[in-house]
Amino acid sequence: MDFPIPVLCCTCNRPIFGKWKSFLERVKAYRKQDGRPESGDLEYLTTTTKVTAEGRALNDLGLTMECCRVKFLSHPGI
Ligand SMILES: [Zn+2]
């Protein structure tokens with residue numbers, strides 16, 4: 001299913017749409033690095049995980065605001 005991501009963050013008005021594709025690519029790569037399947041449920045932090053694959057991808061793209069991060073993490077396409 002292809003569900004659209006908003007063009008702008010509806011809370012802070014920053015453009016987020018352009019980062020969606022590279023976010024998905026990075027998440028895929030980091031999940032592979034962590035030995036997780038490419039698609040699946042989001043993983044919560046454990047005692048051995050400091051930053052999840054999704055968190056690292058968001059940090060790489062400079063998405064530091066919680067309002068923007070939630071748009072990516074709550075998207076059904078991830
Ligand atoms: Zn935002």
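Here are some short exercises on a predicted model, each with a worked solution.

**Exercise 1. Work out which residues of helix 2 are buried, and on which side of the helix they sit.**

Let's start with where to look: helix 2 covers residues 53-60. Going along that stretch, you'll find that Ala53, Ala57 and Leu58 are buried. Next, look at how they are spread around the axis. The three cover an arc of only 135°, so they are on the same side of helix 2. Here's a handy bit of background: an α-helix has 3.6 residues a turn, so residues three or four places apart point the same way. Finally, ask what lies over these buried residues. The cover includes helix 1, residues 20-34, and helix 3, residues 66-73. And if you keep walking just past the end of helix 2, you meet Gly62, with a positive phi of about 75°.

**Exercise 2. Describe how helix 1 and helix 2 pack against each other.**

What do you need for this? Two packed helices are described by the angle between their axes and the distance between the axes. Distance comes first: the axes of helix 1 and helix 2 come within 8 Å. Then the angle: they cross at roughly 140°. To count as roughly antiparallel, the angle would have to be over 145 degrees. Helix 1 and helix 2 are therefore oblique to each other. As for handedness, their crossing is right-handed.

Now list who makes the contact:

- From helix 1: Phe23, Arg26, Val27, Tyr30, Arg31 and Asp34.
- From helix 2: Ala53, Glu54, Arg56, Ala57 and Asp60.

Last step, sort the residues of this contact by kind. You should get 5 nonpolar, 6 charged and no polar ones.

**Exercise 3. Decide whether Cys68 is buried or exposed, and find what it touches.**

Begin by placing Cys68, which belongs to helix 3. Then count: Cys68 has 23 C-beta neighbours inside 10 Å. The cut-off for buried is 20 or more, so Cys68 counts as buried. Now for the contacts, ignoring neighbours within four places in sequence. Cys68 is in contact with Cys9, Cys12, Arg14, Ile16 and Leu63. You can also check a distance: Cys68 and Asn13 are 55 residues apart in sequence, but their C-alpha atoms are 9.1 Å apart in space.

**Exercise 4. Find out what is unusual to spot about the backbone of Asn13, and whether Asn13 is buried or exposed.**

Asn13 sits in the segment before helix 1. Check its phi: the angle is positive, about 70°, although Asn13 is not a glycine. For burial, count again. Asn13 has 9 C-beta neighbours inside 10 Å, so it counts as exposed.

**Exercise 5. Compare chain separation with spatial separation for Phe17, Ser39 and Met65.**

Take Phe17, in the segment before helix 1. Phe17 and Pro6 are 11 residues apart along the chain, and their C-alpha atoms are separated by 6.1 Å. Beyond four places in sequence, Phe17 touches Ile5, Pro6 and Val7. Its 13 C-beta neighbours inside 10 Å make Phe17 partly exposed.

Next is Ser39, in the loop between helix 1 and helix 2. Ser39 and Pro15 are 24 residues apart along the chain, with 25 Å between their C-alpha atoms. With 10 C-beta neighbours inside 10 Å, Ser39 counts as exposed.

End with Met65, in the loop between helix 2 and helix 3. Met65 and Cys9 are 56 residues apart along the chain, and 10 Å separates their C-alpha atoms. Met65 has 15 C-beta neighbours inside 10 Å, which means partly exposed.

Note on methods: Residues numbered from 1 in each chain as written. Predicted model: local features only at pLDDT ≥ 70, side-chain atom pairs only at ≥ 80, totals over all residues. Buried ≥ 20, exposed ≤ 12 C-beta atoms within 10 Å, placed from the backbone. Helix = DSSP H or I, 4+ residues; strand = E, 2+ residues; numbered from the N terminus. Arc of directions from axis to C-beta. Contact = placed C-beta atoms within 7 Å. Axes fitted to C-alpha atoms, helices over the stretch in contact; angles between N-to-C directions. Parallel < 35°, antiparallel > 145°, perpendicular 65-115°, else oblique. Left-handed = near helix turned anticlockwise from the far one by under 90°. Nonpolar A, V, L, I, M, F, W, Y, C, P; charged D, E, K, R; others polar.
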